[in-house]
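Open the model in your viewer and keep the selection panel at hand. This tour goes from domains to a chain interface to a pair of helices.

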There are 4 protein chains.
Amino acid sequence: MISDYKHQMLPMEKVLRDPIHNYIYIQHQVILDLINTREFQRLRRIRQLGVANYVFHGAEHSRFTHSVGVYEITRKICDLFQRNYPSKEKGDGLWNDDERLVALCAALLHDVGHGAYSHTFEHIFHTNHEKMTTEIITSSHSEVNAVLRKVAPDFPEKVASVIEKSYPNPQVVQMISSQIDADRMDYLLRDSYFTGTNYGTFDLTRILRVMKPYSDGISFDMSGMHAVEDYIVSRFQMYQQVYFHPVSRSIEVILSHLLKRAKYLYKNGKTNCLGPTNLLFPFFEGDFSLSDYLKLDDGVLNSYFSLWQDSDDKILSDLADRFLNRKPFKSVRVSEDTRYLLPTLRKLVADAGFDSEYYTATNDSFDLPYDTYSPSQNKHRTQIELMQKDGLLVELSQVSNLVAAISGKVSGDERFFFPKEMKSSEQQLELFGPIYSEFQSYLKNDTLIKK
Amino acid sequence: MISDYKHQMLPMEKVLRDPIHNYIYIQHQVILDLINTREFQRLRRIRQLGVANYVFHGAEHSRFTHSVGVYEITRKICDLFQRNYPSKEKGDGLWNDDERLVALCAALLHDVGHGAYSHTFEHIFHTNHEKMTTEIITSSHSEVNAVLRKVAPDFPEKVASVIEKSYPNPQVVQMISSQIDADRMDYLLRDSYFTGTNYGTFDLTRILRVMKPYSDGISFDMSGMHAVEDYIVSRFQMYQQVYFHPVSRSIEVILSHLLKRAKYLYKNGKTNCLGPTNLLFPFFEGDFSLSDYLKLDDGVLNSYFSLWQDSDDKILSDLADRFLNRKPFKSVRVSEDTRYLLPTLRKLVADAGFDSEYYTATNDSFDLPYDTYSPSQNKHRTQIELMQKDGLLVELSQVSNLVAAISGKVSGDERFFFPKEMKSSEQQLELFGPIYSEFQSYLKNDTLIKK
Amino acid sequence: MISDYKHQMLPMEKVLRDPIHNYIYIQHQVILDLINTREFQRLRRIRQLGVANYVFHGAEHSRFTHSVGVYEITRKICDLFQRNYPSKEKGDGLWNDDERLVALCAALLHDVGHGAYSHTFEHIFHTNHEKMTTEIITSSHSEVNAVLRKVAPDFPEKVASVIEKSYPNPQVVQMISSQIDADRMDYLLRDSYFTGTNYGTFDLTRILRVMKPYSDGISFDMSGMHAVEDYIVSRFQMYQQVYFHPVSRSIEVILSHLLKRAKYLYKNGKTNCLGPTNLLFPFFEGDFSLSDYLKLDDGVLNSYFSLWQDSDDKILSDLADRFLNRKPFKSVRVSEDTRYLLPTLRKLVADAGFDSEYYTATNDSFDLPYDTYSPSQNKHRTQIELMQKDGLLVELSQVSNLVAAISGKVSGDERFFFPKEMKSSEQQLELFGPIYSEFQSYLKNDTLIKK
Amino acid sequence: MISDYKHQMLPMEKVLRDPIHNYIYIQHQVILDLINTREFQRLRRIRQLGVANYVFHGAEHSRFTHSVGVYEITRKICDLFQRNYPSKEKGDGLWNDDERLVALCAALLHDVGHGAYSHTFEHIFHTNHEKMTTEIITSSHSEVNAVLRKVAPDFPEKVASVIEKSYPNPQVVQMISSQIDADRMDYLLRDSYFTGTNYGTFDLTRILRVMKPYSDGISFDMSGMHAVEDYIVSRFQMYQQVYFHPVSRSIEVILSHLLKRAKYLYKNGKTNCLGPTNLLFPFFEGDFSLSDYLKLDDGVLNSYFSLWQDSDDKILSDLADRFLNRKPFKSVRVSEDTRYLLPTLRKLVADAGFDSEYYTATNDSFDLPYDTYSPSQNKHRTQIELMQKDGLLVELSQVSNLVAAISGKVSGDERFFFPKEMKSSEQQLELFGPIYSEFQSYLKNDTLIKK
């Protein structure tokens, strides 16, 4: 019974309409059952891009849509590998289609542990969405685990090990996590579509066609070099233009301070300022279960923030208002040379009546757009290998000027955030006019300057 | 001071990136201030298509995005009218650009009174989003009203009257509400984009170009007949394919029954089954304020449903589970001829152990894709008029076979909804096998049949 | 050797980049060899839409691009049929993949006999592109035939019979020619793309997915009804908006008269007025070989027209100028009621100094957007059949209001064409002022009227 | 009369449907009249990308479509400049709308002197499309000149001087020719659309919005840096992927050799091998008039090549066949290190029976994707300047890593071309087997290698 489940195909494949891939094809009963679990359906209530929709209002798509997209790209890779590079004998470095189901499940579930406003939330409450993903997959309390267990008793651990990159077959691992994987390819295309920018577009069909399994993972035919290059550049541009947008980061700063303030109030016994927001209490305590974690989503947090708007704690209510009603902080770029000025600026903000712990922040957003292998790094990345006609591999940045230009270099900037009020220009009328005026003398061309 | 506000333009126009219109151009300080009100920002937390994302997973866009889109189309119409058909003297039937601001504000705010899961919610709690729109605009307690009042003391009422169609200038009214208005044009394009279907696409640029103001409203140059025809057909197809989708309607049925059950429990004193969901209590009571109304959004309701999953009331918890975790009812088409069978089917559902009040429903979704003027109808529609070279008007369905084919005819169907369990095929193993079997004998080709 | 050729697959499939289908996949050596024949390469020099680019300037695509597109859609249908409906035993009405190669070749070659400005050319010179297609395929003088013969001696005839609809397997025939076939689906999407209109778009992926082979040909799953409906409506709209465009037809009228005049001059011994345009002489004579036919393409004709601009024959040179330099005739719609006025109008044109045989024309463009089977018609069409869950077929217009509305009705109009000069408004200055004035009194709202 | 012509606007603006810009808006009578000249209409018969359609079959668009596209982008720039940066007084560095007409005419006509297969043709016959553009504009024999003269007697020279970059207003010059001008922006988008690749896409709307006139030309607001960067990268990728495609270059090599052979035959008195291709004779002679030049287009040349397929000269007929029927040469990359091997390879080709003058070639395609100002270069480029909030300018590559990476570096490669036969693998069967075999020993991974 159970052993059959692994191979149980739907009598008619089911399709989901998807703006990125046109249709998503569900063929295994296992995949359909996983989608129907409550842990997976919960992803409908968590936005893929957190607060980015405050800047790009179309970016309201959920992690659910991204997860089925990653599944679909992985399914396509398996189809192409099986058609073009089927393994004939063990160890020939080609594709063994028995790996398909574990790859598809890992693709579908790779983000199942994400919570509401993941990155900010994790920062304040020390949760970890990757650990939660593993726990959802392997804990006997989840519906996801129950489905996977029906395939085989050790199947949940197998799926988890793919996501954790410890699965022995590097082809399966690299499909889901590498510098050019189903995850990244889906989110670039999807975020690009929903934000309405076109920076993230690249030729997915071509990249899939030039993928080639080999003994150490997945390589790319040299003829597809430009398509791969274009993908790397697109990714770089999405980071520059969308993911590192200063206003998004400003909203995240407010969210972070809001949660920090709530935790502070709880820790200091001022629960009356927090109202009936008890689903957060385990996190304030630092002691939560999987079940506690799964109860949270964007809607729950937002409804708490809505309550906090009426809190007696002025900082909490003000930050909740700024967050929900989109009143971002302003920011300027900070460099090595000007970082020493930050205490001065913080003091000016405090002088203008703002608690500088909650009303200022520095935040750096950096990313490596692409990196080659470096033995010294503790968390090294799988570099992108191109396969020549004669079978030899060449690392991407060796043949692409554009990729070489951004390879191994961090991109992004460090910014100082402060209340919009500090840029007020109606100085004559205001009590804090001179303070504002001095503060502004440090700002020029979106950058912090020495006077 | 106040009189200036009306004409206060932003020093640099602001743009919002939008996947449908590419950019949305904010030029008036008034419009920027309206967008920044809490009532308008709240629209970010209400999905445009309610539960349609359970079928078309991309359709997670909010009423915020639609509202700014309607604004943008209206802005474009004003620009074209002002460039091509500026009024030279009172009564010449051309465009008076003094109407621009009232048109833009009405466009932006036309949906500001929508609440979470509007249509279902209204059905159960007798709220009315159109009245709420008016109230938000005219009540002195709203931020929206405060902004509008700064333009002129009677400006809020003017804006409201456009939305209520009582504003004297028919051109302004028809921009926002007619059979081919900025509202419909935006939602067709937007819903089409986010669902990933292409039924709703039509040539917006061309339709805008052939719009012509005249004394009784807005007509369309005869040369644009086919573009207008294509819009009507697109709208018809979106209704058939997306808005009337049986699975969406099934989820709505579950939502409706869930809210009905909660109200029943409240009314019968079983508030302990409802948990701390007190923001809904005024609605259970049937006595709510604007402030109560504005506290609700999709996230608040969803977080309540999440609590209800653990309710002691089995019906409430089961329906909440079916809703949140997407377990739609099944349905069949019902016709005049087979409607008499519904009591029999309901009885079978009850026999199988389901409370038929909460586990069955009939639901009809009908719409008039296009209608011509009919004096007998109490809520008649503005028909679409095409202007010939000699200035004479011809009603659209007179010259378009396609439009004539669907004009004045309701489209849609009536369906009977029931739990998926009733279609179970593993009859031998189940207690209710024979009941299921009899039930299924009434179903064929997605339709209710006589045996 | 020869027998192998049929199954010879390319070691690596070749792809052609295509804006409509993204990539076109060439897998058989036979297909690659056919594309490389001179008869097929010649299609690069013949525009798909004849003169439509004079109205929609982007529509400069050739019959080559369309032909590979039809091939690609057919290939996709074969893949889907083979995966989902493979025949198990003779006569089960499912797909026999041995038919794949004949289907692919027929798809690729279905238009190979088209000549320059086909429809107009055929009208004047009594050529027939369908007969030429058969001849190219079956004549031993063509490279196409040489390739096909390598598959099997009777293979050319088989391929030709598919295109002529006499091939015994109705599934293969209907793939290439029916009311919803690979040919039409490609040209609607392609013409829509290159003209830059969006009327011709429909959901190709979905239509392909719901296609089902059965014993009498190809049916469509009922679940795809709306996609099929949308295709029919799109086709109708492309005819109305693009293919029947009055200005294109006017250019065709000029082209037709230009060729007629050249033939007249030749027949009357005035070859000196024609210059060295001898590739046309066999056609003037009405006695041409396949080789003569294949020497003509758009470029050859255009270069002749270019010479004719300097001809001593004033009519020839004027019409050549009007054609090459885009000086279309004007036109008005003619109805049953006003057709009797045409002699009067022709006389006025003659009075104004134009030879009315060459400077006026009536032209009707009519099409049946969709038709059901009718035994009385001599050239009846294959109606579109939808398959219900229980296997019964329903004809499309029975379930679609929109299709019923345009089914069996001709669409299009009859127009009278005349020189633009007749609409001159500077009457005072011109000799023919009063004639122009009288002529114009018959025209109103783009229509011929009784005074 | 004449003076009015300059300001004569069309009573209703005319629109051309365009796949790239949706609509192209014609507002001035002058522009409409220019489009209707025979010199401009002739551009319909000259493909924008020469032979690229042999690789990307969709790329069949003409220079006509590109020319109206450049006009449209220029029109949009003028509109934005006039709305946002109208000059208030002479010398303020802002936009003077009196420059609009000269800018629009120059944009429309900038490529009017292109001939059939321009670059190759020029190489063999020492024509120059830029000089021909000037001549068409300024010669009193052209219809274009007649239209322009109606504006003002010196207007033709003004328009020509814009194209020649000697016009005094640098804003007008840079609109049409600079590193980011209407010409390049249109062709990248257009070539990308018609080839079906997406490398050339960038955010045109955003780039237009951030353009700012200043005293020395056109700068870009710093906020648009990423959009400009994306444009430069897109351009680089189009060169790498489309414009430098080895197969296109191979077809150009064949074309070049074909024309060279024809000229050789003519010069050596073998006109009988050339047939009645007398429109080329003035070019063989090196003595041609404007009128001779305007008689040529792609169709004329192709029809000559078609005749040459039957020539008694074997080289001419073979090259004509290879060109028309798409039989490209093969090629390998050549480096500094391996260039010394070319004589050896040429000799092997000759030994295999091919005239190496006509059957081999080296061809390098190099381009500077972006360049900064360098006083040493004789043909220096206008660098791209970004304007900061405080008005100071920064050159693009100073702030963009990606642009810096490709700035000032030539991209492209040098290749050696030879007949496909040299790569034959059926060596045993062939007379030249050993020669082929030795030849092939120099080729590896698409590159010329030392053995």
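Domain bounds here come from an automatic or database domain assignment. The model itself is predicted.

**Stop 1: the domains of chain A.** Colour three selections. Domain 1 of chain A covers 2-243, domain 2 covers 252-328, and domain 3 joins 329-374 with 411-451. Now look at domains 1 and 3 of chain A. Their centres, taken over C-alpha atoms, are 39 Å apart. The two domains still make contact, through 6 residues of domain 1 and 4 residues of domain 3. On the domain 1 side, 3 of these residues are nonpolar, 2 polar and 1 charged.

**Stop 2: where chain A meets chain B.** Show both chains. Here 33 residues of chain A are in contact with 35 residues of chain B. On chain A, select β1 (9-18), α3 (38-41), α4 (63-84), α11 (182-195) and α17 (298-308); each supplies at least two residues of the side that touches chain B. Which helix gives the largest share of that side? It is α17(A), with 6 residues. By class, the chain A side has 9 nonpolar, 15 polar and 9 charged residues.

**Stop 3: two helices in chain C.** Select α6 (118-125) and α14 (246-267) of chain C. Their axes come within 10 Å and cross at roughly 35°. The crossing of α6(C) past α14(C) is right-handed. Show side chains next. From α6(C), pick Thr120(C), Phe121(C), His123(C) and Ile124(C). Across from them, α14(C) contributes Glu252(C), Leu255(C), Ser256(C), Leu259(C), Lys260(C) and Lys263(C). This contact counts 4 nonpolar, 3 polar and 3 charged residues.

Notes:
Residues numbered from 1 in each chain as written. Chains lettered and ligands numbered in written order. Predicted model: local features only at pLDDT ≥ 70, side-chain atom pairs only at ≥ 80, totals over all residues. Contact = placed C-beta atoms within 7 Å. Helix = DSSP H or I, 4+ residues; strand = E, 2+ residues; numbered from the N terminus. Nonpolar A, V, L, I, M, F, W, Y, C, P; charged D, E, K, R; others polar. Axes fitted to C-alpha atoms, helices over the stretch in contact; angles between N-to-C directions. Left-handed = near helix turned anticlockwise from the far one by under 90°.
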